[in-house]
Amino acid sequence: MRSIKEIFVIGHGPSSSHTMGPANACEYILKQYENIKSIKVTLYGSLALTGKGHLTDYIIDLKLKNIDHKIIFDTKTETKHPNTMQFEVTTNKGTTTETIISIGGGTIVTKENFKDHLQEVYSQNSLKEILHYCDKENISLVEYVKKHEDKNLFDYLKSCKDHILASIDSGLSKEGYLPGPLKVQRKAKEMLANLKNDDPAEIMAISAFAVAEENASGNLIVIAPTCGSAGVFGGILGYFRKKNYSEKSIIESLMIAGLIGMLAKTNASISGAEAGCQAEIGVACAMGAAAIASIKGLNNEQIARAAEIALEHSLGLTCDPVQGYVQIPCIERCAVYALKAKNAAKLATLIPSTNNKVTFDDSLKTMYETGKDLSSEYRETGKKGLSEIFK
Ligand code: SF4
C-alpha cells in the first residue's frame, strides 16, 4: 500500500478527480514535451458529462493558457475508466497521443508514473492484516503508521491541518453566492452568527459548510480524500479545535484517517465517478470516525470498528451533483457525514467487542461492489437522482 500522503493533498477545488487531476495532467504534459505547438484535450466519461460544473475546462484553459489548445467533451465514446483524458500533443517533431487517467484524490496515472504509482510503503494491504501486525508487535495504529512512513510525515500533516483550519476561517468570513447558475448562497457565516450555544457538534457542522463552500468556489482546500468530501474534515478539525485537542494528537488522528483512506483507495475506490458518493463522503466519514476514535484514545480494535460503522452505514450513497456543480447535495452532505463520523466513533465505544460480525475490510469490499453495480447515472454523470429534479 502506498503512502498516506496521497490522501491529504493541498490544492484547489471543486473536484480532486475533475479539477486537480486534469490540472496535474496538464502540468505533466507541459513537463514532458518541448516546443509544443498545440494540444487537443479530449475528455471522456464523467469528465465529459460533469466537467463544466466541476470547472475541468476552466482549469485546463488556465494551465494551457500560453499554448494553442482545444478541449473536446466526448460524452459518447466508452472508456475503461470513467475519468479518462486524451492529450494529442503537436510539437516540431510531430503529434503524440497520451492517455491519462484521473483516479481520484488528484492522483493521475500516466505512462511515465505508472511504476511510481505502484510504489509500496506498507506491506499490509487490509485492515485485518494491519491489526494483526500491530497485535503481534504490540503497537498502536499511530506507531504502525510512523514505522512505515518517512520522517517528514508529521510536518506534512501539520501543514495539511493548518490549511484546513485556514480554509474554515476563510469560509466563515465570506458571504454571497457560490459560482454557477444554481445561485446557491454561502451559509457558514450566517450559521455561525445565528449560533446560540457553544456546542462543539454545531461548530463541527458549520465548519464543514465553511470548507465545502470554499471548495465549491474553487479556493484552496485540503482534499480528504477528495475535494467534494473535503468539508467532512473541515467539520472534524473545527470540532477538534473547539475541543482544544493538542496539535500532536490532531496530527496523529490524521495519520489514522490517512490509513483508512489509503485502504479505501487501494482496495476499492475514492472516486464518485467510479463508485458513487459512498466512495467519497462515505470514505471521508470512515476516516473521520477513525480520527475521532483515535483522538479520544480508543484502542486499535475500537478505531477499526468506528471506521467500519461509518462506512457500513454509508453504503449505497449515490453521486448526483445538481447540474454537475459540487454544491447540492455535496455541501450539506459533508456536514451530515461529519456528524455521522462523530456518532460512529461514539457507537464504537458502546458496542461490546465480542460480537463484531462485519469488518472494515468487508464494508470496503461491499462498498466497491455496490459502486460497480450502481447505474452510471448515479456515478457523477449528473443524469439522475437530485440532478434530475433540478433539470
Ligand atoms: S455527490 Fe458526493 S461524490 Fe458526487 S460530487 Fe458531490 S461530494 Fe462528490
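Which exposed residues does the face of helix H5 turned away from its buried side carry? They are His-132 and Lys-136. This briefing concerns a predicted model of a protein chain with 17 helices and seven strands. The points below begin with the whole chain and then turn to individual elements, the ligand and one selected residue.

**Overall form**

- The protein chain has 391 residues, and a compact globule of that length would have a radius of gyration near 21 Å; the value for this chain is 20 Å, which agrees.
- The C-alpha trace spans about 65 × 50 × 40 Å along its principal axes.
- Of the 391 residues, 53% count as buried.
- Among contacts between residues at least 6 apart in sequence, 81% join residues at least 24 apart.

**Helix H5**

- Helix H5 covers residues 127–137, and its buried residues are Leu-127, Ile-130, Leu-131 and Cys-134.
- These buried residues lie on the same side of H5, because they cover an arc of only 95 degrees around the axis.
- The buried residues of H5 pack against four helices: H6 (141–148), H11 (247–267), H14 (300–312) and H16 (360–373).
- On the face turned away from this buried side, His-132 and Lys-136 are exposed.
- Asn-138, just after H5, takes a positive phi of about 55 degrees.

**Helix H1**

- Helix H1 (residues 16–32) is largely enclosed by the rest of the structure, because twelve of its 17 residues are buried.
- The buried residues of H1 include Ser-16, Ser-17, His-18, Thr-19 and Met-20.
- Also among them are Gly-21, Pro-22, Ala-23, Asn-24, Ala-25, Cys-26 and Ile-29.

**Strands S4, S5 and S6**

- Strand S4 (residues 84–91) and strand S5 (residues 94–104) run antiparallel and are joined by eight bridges.
- Within this pairing, Phe-87 stands opposite Glu-98 in S5.
- S4 and S5 form a hairpin, with two residues between the strands.
- S5 is also joined to strand S6 (residues 107–109), by three bridges, and these two strands run antiparallel.
- Ile-101 has Val-109, in S6, as its bridge partner.
- S5 and S6 likewise form a hairpin with two residues between them, and Gly-105 in the turn has a positive phi of about 70 degrees.
- As a general point, the side chains in a regular strand alternate between the two faces of the sheet.

**Surroundings of the ligand**

- The residues around the ligand include Gly-228, Ser-229, Gly-272, Cys-277, Glu-280 and Ile-281.
- Cys-319, Pro-321, Val-326, Pro-329, Cys-330 and Glu-380 also belong to the residues that surround the ligand.
- By class, this shell has seven nonpolar, three polar and two charged residues.

**Ala-48**

- Ala-48 has its place in helix H2 (residues 45–50).
- With 24 other C-beta atoms within 10 Å, Ala-48 is buried, because a residue counts as buried from 20 or more such atoms.
- Not counting residues up to four places away in sequence, Ala-48 touches Leu-43, Phe-73, Asp-74 and Thr-75.
- One of these, Phe-73, is 25 residues from Ala-48 in sequence, yet the two are 4.7 Å apart in space, C-alpha to C-alpha.

Conventions: Residues numbered from 1 in each chain as written. Predicted model: local features only at pLDDT ≥ 70, side-chain atom pairs only at ≥ 80, totals over all residues. Pairing = 2+ DSSP bridges. Rg over C-alpha atoms; globule rule 2.2 N^0.38 Å. Contact = placed C-beta atoms within 7 Å. Near = placed C-beta within 6 Å. Nonpolar A, V, L, I, M, F, W, Y, C, P; charged D, E, K, R; others polar. Arc of directions from axis to C-beta.
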